[in-house]
Amino acid sequence: MNVLKRCDNGPGIFGSIAIARGEDIVAEWIGSSDASKAEELLVNIDELLDGAAMSRHDIGLIAVSAGPGSFTGLRIGLAAARALGLAWNAPVYGYPTLALIAAMALKRESGPVRIATTGTP
C-alpha cells in the first residue's frame with residue numbers, strides 16, 4: 001500500500017512530505033524556511049505524485065503528524081490531510097512526531113536509546 005505522509009517539522013526542517021510503500025520511501029519533499037508556505041502544500045503534493053509517476057488513486061492511506069510542532073503548521077497539515085482523505089476516499093491517521101523519532105532511533109540502534117530534540121525551554 002502506498003502511504004502519503006506529512007510531518008510538520010524537525011531541526012532545520014519546516015515541513016516534509018513523503019510517499020512510502022512499506023518501509024521504502026518512493027518519493028519525498030523536504031521544506032526549508034523560505035519554501036514551506038501553506039499555499040504551496042497541495043502543489044508540492046501534486047508534484048511529488050507526478051515525480052513518482054503516481055496519481056491520487058495510488059494512495060491507500062494518508063498519515064499526518066499530530067505534534068508536537070508549530071500550531072499553525074499542525075493545523076495546516078491536519079486540515080490538508082483531512083481534505084485529501086475525503087477527496088481521495090483514503091483513511092487519514094495522525095501520529096505523534098516524538099513516537100516517530102523514537103521508532104526511527106530504535107530501528108537504527110540496539111539497546112537503550114535516548115533522544116534529545118531542540119525546542120524552546
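A53 sits out in the open in this predicted model, with a relative accessible area of 71%, which is over the 50% needed to count as exposed. The residue belongs to the loop between α1 and β4 (59-65), and its backbone does something worth a second look: phi is positive, about 55°, although A53 is not a glycine. This positive phi comes just after α1.

The helix that leads up to this point, α1, spans residues 41-51, and its buried residues are L41, N44, I45, L48 and L49. Looking down the axis of α1, these buried residues fall within an arc of 135°, so they line one face of the helix. The pattern fits the general geometry: an α-helix has 3.6 residues a turn, so residues three or four places apart point the same way. What does the other face of α1 carry, the one turned away from the buried side? There the exposed residues are L42, E47, D50 and G51. Leucine thus turns up on either side of α1, with L41, L48 and L49 among the buried residues and L42 among the exposed ones.

A second positive phi in a residue other than glycine is found at N89, where the value is near 55°. N89 also lies in a loop, here the one between α2 (71-88) and β5 (92-95). Buried or exposed, then, for N89? The side chain and backbone of this residue together come out as exposed, at a relative accessible area of 72%. Both A53 and N89 are therefore loop residues, and each is exposed, at 71% for A53 and 72% for N89.

Note on methods
Residues numbered from 1 in each chain as written. Predicted model: local features only at pLDDT ≥ 70, side-chain atom pairs only at ≥ 80, totals over all residues. Heavy atoms only, no water. Buried < 20%, exposed > 50% of the residue type's maximum accessible area, 1.4 Å probe, protein only. Helix = DSSP H or I, 4+ residues; strand = E, 2+ residues; numbered from the N terminus. Arc of directions from axis to C-beta.
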